[in-house]
Structure formats: C-alpha cells, structure tokens
Protein chains: 2
Amino acid sequence: MSPIERVECCEVTELHEDVLQQINAKMPDLDSLYDLAELFKIFGDSTRIRILFVLFEAEVCVCDLAEALNMTQSAVSHQLSILKRNKLVKSRRDGKSVFYSLADDHVRTIIGQGMDHISE
Amino acid sequence: MSPIERVECCEVTELHEDVLQQINAKMPDLDSLYDLAELFKIFGDSTRIRILFVLFEAEVCVCDLAEALNMTQSAVSHQLSILKRNKLVKSRRDGKSVFYSLADDHVRTIIGQGMDHISE
DNA sequence: TATTCATTTGAACATATATTCATATGTTCA
DNA sequence: TGAACATATGAATATATGTTCAAATGAATA
C-alpha cells in the first residue's frame with residue numbers, strides 16, 4: 001500500500017486531501033485546458049474582436065477591413081492569419097482580393113456570452 | 001453638404017462605402033469592444049482556467065489551490081488577484097486562510113461554450 | 001511580359017504579462 | 001507580545017505577442 005502523501009498547507013491533511021482528490025477527478029486533462037486557454041486568447045485582443053464584429057455583418061476583403069478598423073492592411077492580415085489558423089474565419093479569393101467570413105456561428109455564441117457578461 | 005470621403009482600396013468606391021456604413025452602424029462602441037477583449041483575456045491563460053475549474057468544484061483556500069495546481073502560492077495569489085479584480089471570483093477570510101469561490105455562474109456558461117467549441 | 005494592385009510573410013521592435021523572489025501584511029495562539 | 005502560519009504585494013526577469021516596415025507572392029490587365 002502506497003503511503004498517503006502529506007499535504008503541507010494549512011496544517012490540515014485528511015480534509016484537504018479529500019477535496020483535492022474530488023477536484024482532480026473532475027478536472028479535464030491538461031491538454032484540453034491549454035486548448036481552452038488558447039481559444040480564449042484569440043478573443044482576448046481588441047483588433048481580432050473588431051474584425052469578428054465586422055464579419056458578423058458581411059463578408060469583406062482585407063483592404064475593407066483595414067479601412068473599417070483604420071489600421072494598416074499588414075496588421076489586419078497578420079491578425080486574420082491567426083483567426084484563420086484557429087479556424088474562426090475562412091477565406092475565399094476573388095481575383096486580386098481575398099474575402100474573409102466567419103467559419104461558423106459558434107463564434108457568435110461565444111462572443112454573445114461575453115457581451116452578456118460585460119453588460120452585467 | 002460634406003464631400004463623400006473616397007475609399008482608397010480595391011479601386012472601388014461606392015460599393016464598399018455602402019458596406020462600411022452598414023458595418024459601422026451595427027458595431028458596438030469601442031469601449032465595449034475593449035471591455036470584451038479584456039474579459040476574454042482573463043480566460044486566455046491556462047493557470048487562470050485551471051483555477052476556475054478548481055473553483056467549479058469547491059470553495060478552496062490559496063494553499064490548496066497552489067497544491068492542486070502544483071504552483072507556488074505567490075503565483076496563484078497573483079492570478080487570484082486578477083480574477084478578483086475582474087469580479088470573476090470572490091474571497092472570504094476564515095482565520096489565517098482565505099477561501100476563494102466563483103463570483104457567479106456566468107463564468108461556467110462562458111467556459112462551457114469554450115469547451116463545446118474545442119470539442120468540435 | 002511588364003506593371004499595378006491586393007495580400008501575405010518575415011524580421012525587428014515595443015509592449016504586455018506570467019512567474020519568481022524577497023518582503024510585507026494579517027491572523028492565531030502560546 | 002512574540003512566534004508561526006497563510007496570504008498579499010512589489011520589483012525584477014523572462015517570455016509572449018501586436019504592430020510596423022520591407023520585401024515577396026499572386027492575380028489581373030494593358
């Protein structure tokens with residue numbers, strides 16, 4: 001029988017041991033938690049948020065996005081590549097222009113929840 | 001009557017002008033967009049995500065959190081202060097210990113949506 | 001095919017942020 | 001009151017990340 005590891009904090013052992021075991025049992029695996037953090041990190045930048053809000057309204061080309069956000073086309077393109085790499089937007093080339101749109105409506109849901117939260 | 005500003009991109013003017021006006025009309029004010037990004041930024045760190053998952057299960061003290069996450073008490077405390085400052089968790093002192101818990105169930109909803117997304 | 005337009009990409013830079021370390025604060029109890 | 005414990009906090013450090021600049025790629029067209 002393996003020795004029970006001592007919990008060094010709060011001068012308490014068994015009680016905390018119980019709680020910690022229950023917590024560990026329900027905790028998703030570390031990979032999922034990292035993925036989740038990565039997902040939210042994508043939404044955690046105002047440029048990307050603004051891009052997504054534009055795409056809620058219409059499919060637009062890169063230069064229109066730059067115009068709408070009053071940013072350089074390069075900066076916008078960099079952020080679009082992040083959004084695309086994470087499958088939040090998709091793109092379609094039409095002649096010289098590339099048009100971006102939302103990959104799916106999941107994005108709307110997540111941002112909608114966030115809006116609900118900040119408007120209390 | 002003010003002159004209509006020229007759109008410099010894609011060699012197109014009126015067509016894009018239309019789209020941009022429609023987009024601007026529906027776009028939330030910049031402050032809200034910044035707040036939204038700030039909110040998601042909080043969730044965009046795996047340490048904070050792990051803390052929140054622990055708090056989904058139980059109200060725990062700082063040293064138990066440090067133990068559960070295998071991190072220093074100081075690092076956990078710093079992250080807790082961020083979560084508290086943004087009203088995602090609340091705290092309660094009991095003797096020498098300080099116990100943290102979720103501020104409200106909105107947090108569960110947001111993280112739940114995120115989990116739905118990453119599990120495709 | 002040479003030119004122009006739209007976009008992408010890589011490197012450099014500046015800024016933001018997570019953790020560590022040392023120390024301070026707050027609480028209990030002898 | 002002094003000692004021990006639990007937590008908080010400030011400064012320093014290392015890393016991550018967003019924007020800019022310059023240059024490359026891709027597509028249309030004269």
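**Two protein chains and two DNA strands**

Okay, let's start with one atom pair: a polar backbone atom of A:Val98 sits 3.4 Å from a phosphate oxygen of DNA strand C. Keep in mind that this is a predicted model.

So who else is around DNA strand C? There are 28 residues surrounding it, and the closest are A:Gln73, A:Tyr100, B:Cys10, B:Thr47 and B:Ser74. Of the strand C atoms that come within 4 Å of the protein, 64% belong to sugar and phosphate.

Two of those closest residues have phosphate contacts to look at. A:Tyr100 uses a polar side-chain atom, 2.5 Å from a phosphate oxygen of DNA strand C. B:Cys10 uses a backbone N or O atom, also 2.5 Å from a phosphate oxygen of that strand.

Now zoom out to the elements. On chain A, helix 4, helix 5 and strand 3 each give at least two residues to the surface near DNA strand C, and on chain B, helix 3 and helix 5 do too. Which element supplies the largest share? That's helix 5 of chain B, with 5 residues. By type, this surface has 10 nonpolar, 11 polar and 7 charged residues.

Let's go over to DNA strand D. Here 28 residues are around the strand, and A:Cys10, A:Ser74, B:Ser74, B:His78 and B:Tyr100 come nearest. Sugar and phosphate make up 68% of the strand D atoms that come within 4 Å of the protein.

For the phosphates of strand D, look at the backbone. A:Cys10 has a backbone N or O atom 2.5 Å from a phosphate oxygen. B:Val62 places a backbone N or O atom 3.1 Å from a phosphate oxygen, and for a polar backbone atom of B:Cys63 the distance is 2.9 Å.

The largest share of the surface near DNA strand D, 5 residues, is from helix 5 of chain A. Helix 3 of chain A, plus helix 4, helix 5 and strand 3 of chain B, are among the elements that supply at least two residues each. The surface near strand D splits into 10 nonpolar, 11 polar and 7 charged residues.

Last stop: how do helix 4 and helix 5 of chain A sit against each other? Their axes come within 9 Å and cross at roughly 110°. Angles from 65 to 115 degrees count as roughly perpendicular, so these two helices are roughly perpendicular to each other. The crossing is right-handed. Where they meet, A:Val62, A:Leu65 and A:Ala66 from helix 4 touch A:Gln73, A:Val76 and A:Leu80 from helix 5. That contact has 5 nonpolar residues, 1 polar and no charged.

Conventions:
Residues are numbered from 1 along each chain as its sequence is written. Chains are lettered from A and ligands numbered from 1 in the order in which they are written. This is a predicted model: local features need pLDDT of at least 70, side-chain atom pairs count only at pLDDT 80 or more; totals for chains, interfaces and linings use all residues. Side-chain values use heavy atoms; hydrogens and water are left out. Axes are lines fitted to C-alpha atoms, for helices over the stretch in contact, and angles run from 0 to 180 degrees between N-to-C directions. Helices (H or I, at least four residues) and strands (E, at least two) are DSSP runs, numbered from the N terminus. Angles under 35 degrees count as roughly parallel, over 145 as roughly antiparallel, 65 to 115 as roughly perpendicular and the rest as oblique. A crossing is left-handed if the near helix is turned anticlockwise from the far one by less than a right angle, and right-handed if clockwise. Contact means heavy atoms within 4.5 Å. Ala, Val, Leu, Ile, Met, Phe, Trp, Tyr, Cys and Pro count as nonpolar, Asp, Glu, Lys and Arg as charged, and the others, Gly among them, as polar. A residue is near a molecule or strand if one of its heavy atoms lies within 4 Å of it. A polar contact is a pair of N or O atoms within 3.5 Å; within protein, one must be able to donate a hydrogen and the other to accept it, and residues adjacent in sequence count only if both atoms are side-chain atoms.
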